[in-house]
Amino acid sequence: MQNKIPAVLDLTVERGCKYTNKCKEKKYNYDQLPTTSVIITFYNEAWSTLLRTVYSVLETSPDTLLEEVILVDDYSDREHLKERLASELARLPKVRLIRANKREGLVRARLLGASAAKGDVLTFLDCHCECHEGWLEPLLQRIHEEELAVVCPVIDVIDWNTFEYLGNAGEPQIGGFDWRLVFTWHVVPERERIRMRSPIDVIRSPTMAGGLFSVSKKYFEYLGSYDTGMEVWGGENLEFSFRIWQCGGTLETHPCSHVGHVFPRQAPYSRNKALANSVRAAEVWMDEFKELYYHRNPQARLEPFGDVTERRQLRARLQCKDFKWFLSTVYPELHVPEDRPGFFGMLQNKGLKDYCFDYNPPNEHEITGHQVILYHCHGMGQNQFFEYTSQNEIRYNTHQPEGCVAVEAGMDVLIMHLCEGATPEDQKFILQEDGSLFHVQSKKCVQAERKELSDSFVPLLRDCTNSDHQKWFFKEHMV
Ligand code: UD2
Ligand code: MN
């Protein structure tokens with residue numbers, strides 16, 4: 001991936017690395033900068049990580065810029081977060097503790113904090129962060145220059161096991177999403193490197209991870225703060241990102257601002273509200289493109305998502321642009337699927353009843369290189385979602401980057417490769433009227449077969465016959 005990008009601008013801004021100095025050389029006029037309220041919500045967080053966040057804010061933020069630190073307890077029930085926390089915090093300057101009287105979820109908990117904030121700028125942080133020296137000035141400087149900018153720090157990694165501050169390998173990245181509305185990271189595209197005037201210029205990003213950012217309090221309110229119909233966790237970051245861009249703002253990452261964050265293995269709470277939250281985002285901001293999401297996650301279509309009338313009214317009132325504009329202007333790198341009727345969903349075999357193409361990448365960052373298998377059709381989209389395109393590709397385009405089914409020379413197994421601009425010969429399949437799936441390069445057909453010495457089934461290339469095991473059809477749903 002990396003070496004395909006021409007060296008327009010090298011953005012490496014690691015701790016201790018070459019551009020750190022450039023960041024350090026930057027002078028700020030502290031009298032001009034806006035003040036900020038740092039808002040940290042928490043639910044059942046561990047003592048050490050929570051306190052580390054608070055102390056690091058106090059230690060790294062210039063006194064004149066830091067109005068206050070507002071901690072919002074989202075109705076935690078762990079003992080150490082009760083009187084013990086209150087008395088620990090009472091000793092600290094500028095720190096306030098607000099408690100929700102019921103579980104609000106991160107959106108409404110953040111809004112509780114925002115409504116109490118006295119600073120010009122709201123700076124949100126997760127409750128397991130460590131701010132790095134010089135993190136705050138670039139964020140506030142940028143908002144001072146451009147009030148419609150929402151600015152994120154680079155998110156450095158704090159080791160989940162050792163809690164060591166690992167920093168960030170390589171360049172800062174920008175945020176995107178895939179068509180399941182899962183947030184993704186990407187290298188900075190060439191068009192953005194061309195737009196940037198220096199390696200310490202802000203980097204425009206289609207979306208944000210969600211936890212760490214600064215926004216002018218006034219602008220946040222003008223933009224409709226958050227969707228208060230969102231519960232617990234998830235989806236609010238994409239909703240806010242779409243809204244910022246579509247309604248006239250910009251979303252940026254400042255390469256000189258670094259904050260470390262612990263990505264835990266498991267959250268101390270259930271995240272099953274994320275689906276409804278994502279549906280709300282799709283229903284309000286994505287126009288007809290929400291169908292691409294529903295195709296890839298049929299469960300989402302059935303999910304009760306409450307009332308979004310007010311959010312749609314907000315969109316109309318602010319005269320926000322449509323999602324088509326967002327895709328073509330802000331995120332042109334994202335491939336927009338065609339989803340022609342009858343050519344997306346489960347790719348099911350006729351002879352081997354109830355078996356479908358299935359691809360299970362070992363993790364979200366390693367989409368390619370593994371074999372496509374057959375598995376009981378489940379109709380839930382996700383790993384069994386494929387799209388047959390007018391370019392004769394069988395695309396696995398739930399994930400980013402997108403996979404295309406391929407066959408390596410002389411092999412008979414189907415392997416996932418990265419899709420390419422012009423469809424390479426080894427990725428071309430012709431789905432014929434009779435249901436046969438013809439691989440152009442090898443002139444063979446895809447057949448469902450039992451995998452040797454096992455109970456599992458796989459699609460393999462074989463000489464073309466009339467067998468039902470060589471007939472395939474797409475089905476969107478189970479019923
Ligand atoms: C990421 C974001 C997170 C949020 C989330 C999507 C970063 C570093 N983190 O997940 O901020 O945008 O994506 O929703 O970008 N919390 C509450 N009440 C709850 C649940 C969570 O106050 O009911 C707090 C939690 O204690 C933490 C913050 O909200 O301070 C974010 O939660 P997380 O750290 O579990 O989310 P994370 O980092 O996996
Ligand atoms: Mn977090």
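In the predicted model, helix H9 passes helix H12 in a right-handed crossing. Helix H9 comprises residues 274-285 and helix H12 residues 309-317, and their axes come within 9 Å of each other at a crossing angle of roughly 40°. The two helices H9 and H12 are therefore oblique to each other, since an angle counts as roughly parallel only when it is under 35 degrees. Two packed helices are described by the angle between their axes and the distance between the axes.

A further helix pair was examined in these terms. Helix H2, which spans residues 47-60, packs against H3 at an angle of about 20°, the axes lying 12 Å apart. This angle makes H2 roughly parallel to H3. The crossing in which H2 passes H3 is right-handed.

Electrostatic pairing was considered next. Side chains of opposite charge can pair when their charged atoms come close. With a salt bridge taken as a side-chain nitrogen of Lys or Arg within 4 Å of a carboxyl oxygen of Asp or Glu, the count comes to 35 salt bridges. Among them is the pair formed by Glu 393 and Arg 395, in which the closest N and O atoms are 3.2 Å apart. Glu 393 counts as buried, because its relative accessibility is 3%. Arg 395 is likewise buried, because its relative accessible area is 7%. Salt bridges with shared partners also join Lys 102, Glu 104, Arg 108 and Glu 231 into one network.

Within that network, the side chains of Arg 108 and Glu 231 meet in a salt bridge with an N to O distance of 3.1 Å. This pair links distant parts of the chain, the two residues being 123 residues apart. Arg 108 belongs to helix H4 (residues 105-116), whereas Glu 231 lies in the loop between helix H7 (217-222) and helix H8 (236-246). Arg 108 is buried, with a relative accessible area of 18%, while Glu 231 is partly exposed at 30%. The threshold for a buried residue is a relative accessible area under 20%, so the value of 18% places Arg 108 in that class.

The salt bridge between Arg 91 and Glu 88 has its closest N and O atoms 3.2 Å apart. Its partners fall into separate accessibility classes: Arg 91 counts as exposed at 59% relative accessibility, and Glu 88 counts as buried at 17%.

Several features of the backbone were also noted. Most residues other than glycine have a negative phi, and most peptide bonds are trans. Lys 94, although not a glycine, has a positive phi of about 65°. Lys 94 is located in the loop between helix H3 (83-90) and strand S3 (95-99), and its relative accessible area of 28% makes it partly exposed. A positive phi, of about 50°, is also found at Gln 382, which is not a glycine. Gln 382 occupies the loop between strand S15 (373-376) and strand S16 (386-388). With a relative accessible area of 27%, Gln 382 is partly exposed. A cis peptide bond joins Gln 400 and Pro 401, with omega at about -10°. Pro 401 is situated in the loop between strand S17 (394-396) and strand S18 (403-406).

A spatial relation between residues separated in sequence involves His 335 and Trp 179. These residues are 156 residues apart in sequence, yet the distance between their C-alpha atoms is 9.5 Å. His 335 is found in the loop between helix H13 (323-330) and strand S13 (344-349), where it is partly exposed with a relative accessible area of 28%.

On the surface, Val 157, Leu 166 and Phe 263 form a nonpolar patch. Together, these three residues contribute about 250 Å² of accessible area. Leu 166 is placed in strand S7, which covers residues 165-167. The relative accessible area of Leu 166 is 47%, so this residue is partly exposed. That value also satisfies the requirement for membership of a patch, because patch residues must have over 30% relative accessible area.

Note on methods. Residues numbered from 1 in each chain as written. Chains lettered and ligands numbered in written order. Predicted model: local features only at pLDDT ≥ 70, side-chain atom pairs only at ≥ 80, totals over all residues. Heavy atoms only, no water. Patch = residues over 30% accessible without salt bridge, like charges linked within 9 Å, V, L, I, M, F, W, Y side chains within 5 Å. Areas by Shrake-Rupley, 256 points an atom, 1.4 Å probe, with all protein chains shown as cover. Helix = DSSP H or I, 4+ residues; strand = E, 2+ residues; numbered from the N terminus. Buried < 20%, exposed > 50% of the residue type's maximum accessible area, 1.4 Å probe, protein only. Axes fitted to C-alpha atoms, helices over the stretch in contact; angles between N-to-C directions. Parallel < 35°, antiparallel > 145°, perpendicular 65-115°, else oblique. Left-handed = near helix turned anticlockwise from the far one by under 90°.
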